[in-house]
Amino acid sequence: MFDAFRDDRRAIEGLPIRLVIALVIGVASLSVMMNMLTGIQGLSTTELDVRPEPEVIGPGSGSIELTVVGADGSAVADATVLVKAGSADLGSVETATTGEDGTARVSVTPTLRANQDEGTLVIEVKPPAGSGYVDRRGNTKVLVVRGEE
C-alpha cells in the first residue's frame, strides 16, 4: 500500500486540489500575520533619553535635575528615573518620578575613593506603563569630579 506513495514522483500534482488550495492560503495568511506583527512591534516602541543637569558634580550632597524625553525631544511624564552608582560610590539607588514637564529632581550624595579623582553615576529610566516607550540604550552618565564641590 505504501509502495504506491513511495514510487509516486508527481509531487504536488498528486494531491487533491482542496489540500493544495488550503496549503497556499495557509502560507499566505501566515506571511501576512508575521508582517503585521513585525510592523506593530517596530512602530510601537520609542527610545527614551535622559538629560541630566548638571552633568558634572562634586562629591558630597547635591541635586540633579533629570529631564526624560522621547526620540522627538518631547517630555515624558510619569517615567521613573533611577540613579545608581557607577564608578563613583552612592549609598543607595535614588529614584524619582517625572512630572508633566518630564523633569524629576534627585538628591544624591556621591563619594569617591581615596585615590580616585573622578567617577560616574548611572541613570536608568523605567517608562510609564503601557506607553510604548523603552530604555534600551545607555543614557548620559553624571560625572563626579573631585574639586567640583
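A salt bridge is here a side-chain nitrogen of Lys or Arg lying within 4 Å of a carboxyl oxygen of Asp or Glu. In this predicted model, Lys-84 and Glu-124 form such a pair, with their closest N and O atoms 3.1 Å apart. The two partners come from distant parts of the chain, since Lys-84 belongs to strand S5 (residues 80-85) and Glu-124 to strand S10, 40 residues apart. Lys-84 is partly exposed, with a relative accessible area of 27%, and Glu-124 is likewise partly exposed, with a relative accessible area of 26%. Through salt bridges that share partners, Lys-84, Glu-124 and Lys-126 are joined into one network.

The structure holds 5 salt bridges, and two others can be followed in the model. Glu-47 and Arg-137 meet through their side chains in a salt bridge of 3.9 Å, N to O. Because Glu-47 lies in strand S1 (residues 46-47) and Arg-137 in the loop between strand S11 (133-134) and S12, this pair ties together parts that are 90 residues apart in sequence. The surroundings of the two partners can be set side by side: Glu-47, at 15% relative accessibility, counts as buried, whereas Arg-137, at 55% relative accessibility, counts as exposed.

The side chains of Arg-105 and Glu-65 form a salt bridge of 2.8 Å, N to O. This pair, too, links distant parts of the chain, with Arg-105 in strand S8 and Glu-65 in strand S4, 40 residues apart. Arg-105 is exposed, with a relative accessible area of 53%, while Glu-65 is partly exposed, with a relative accessible area of 29%. Side chains of opposite charge can pair when their charged atoms come close.

The strands that carry Arg-105 and Glu-65 lead on to the sheet. Strand S4 (residues 62-69) and S8 run antiparallel and are joined by 6 bridges, and within this pairing Val-106 in S8 is the bridge partner of Ile-64. Both strands belong to an open sheet of 3 strands, which has the order S2-S4-S8 with antiparallel pairing. Strand S2 (49-53) and S8 stand at the edges and have a single partner strand each, so one side of each is left without a neighbour in the sheet. Neighbouring strands of this sheet are turned against each other by 30 degrees on average, direction ignored.

Another set of pairings involves strand S12 (residues 142-145). Strand S3 (residues 56-57) pairs with S12 in the parallel sense over 2 bridges, and here Ile-57 stands opposite Val-144. Strand S10 (residues 118-126) pairs with S12 in the antiparallel sense over 4 bridges, with Leu-121 standing opposite Val-142. Strands of a sheet pair through backbone hydrogen bonds, either parallel or antiparallel.

Several of the residues named in these pairings return in the nonpolar core. The largest nonpolar core has 22 residues, of which Ile-57, Ile-64, Leu-66, Val-68, Val-83, Val-108 and Leu-121 touch the most other members. At least two residues of this core are supplied by each of S4, S5, S8, S10 and S12. Val-108 gives a view of these surroundings: leaving aside residues up to four places away in sequence, the residues that Val-108 touches include Ile-57, Ile-64, Val-83 and Leu-121, together with Gly-60, Ser-61, Gly-62, Leu-90 and Glu-94.

From Val-108 the reader can turn to Val-93, which is 15 residues away in sequence and 9.0 Å away in space, C-alpha to C-alpha. Val-93 lies in the loop between strand S6 (89-90) and S7 and is partly exposed, with a relative accessible area of 44%. Not counting residues up to four places away in sequence, Val-93 touches Leu-82, Val-83 and Lys-84.

Further along the chain, Thr-98 has its place in the loop between strand S7 (94-97) and strand S8 (103-108). Is this loop residue buried or exposed? With a relative accessible area of 3%, Thr-98 is buried, because buried means under 20% relative accessible area. A polar atom of the Thr-98 side chain lies 3.0 Å from the backbone nitrogen of Asp-78. Apart from residues up to four places away in sequence, Thr-98 touches Asp-78 and also Val-68, Val-76, Ala-77, Ala-79, Val-81, Thr-103 and Ala-104.

Note on methods
Residues are numbered from 1 along each chain as its sequence is written. This is a predicted model: local features need pLDDT of at least 70, side-chain atom pairs count only at pLDDT 80 or more; totals for chains, interfaces and linings use all residues. Side-chain values use heavy atoms; hydrogens and water are left out. Buried means under 20% relative accessible area, exposed over 50%, partly exposed in between (1.4 Å probe, protein chains only). A polar contact is a pair of N or O atoms within 3.5 Å; within protein, one must be able to donate a hydrogen and the other to accept it, and residues adjacent in sequence count only if both atoms are side-chain atoms. Contact means heavy atoms within 4.5 Å. Two strands pair if DSSP finds at least two bridges between them. Axes are lines fitted to C-alpha atoms, for helices over the stretch in contact, and angles run from 0 to 180 degrees between N-to-C directions. A nonpolar core is a set of buried Ala, Val, Leu, Ile, Met, Phe, Trp, Tyr and Cys residues joined through side-chain atoms within 4.5 Å.
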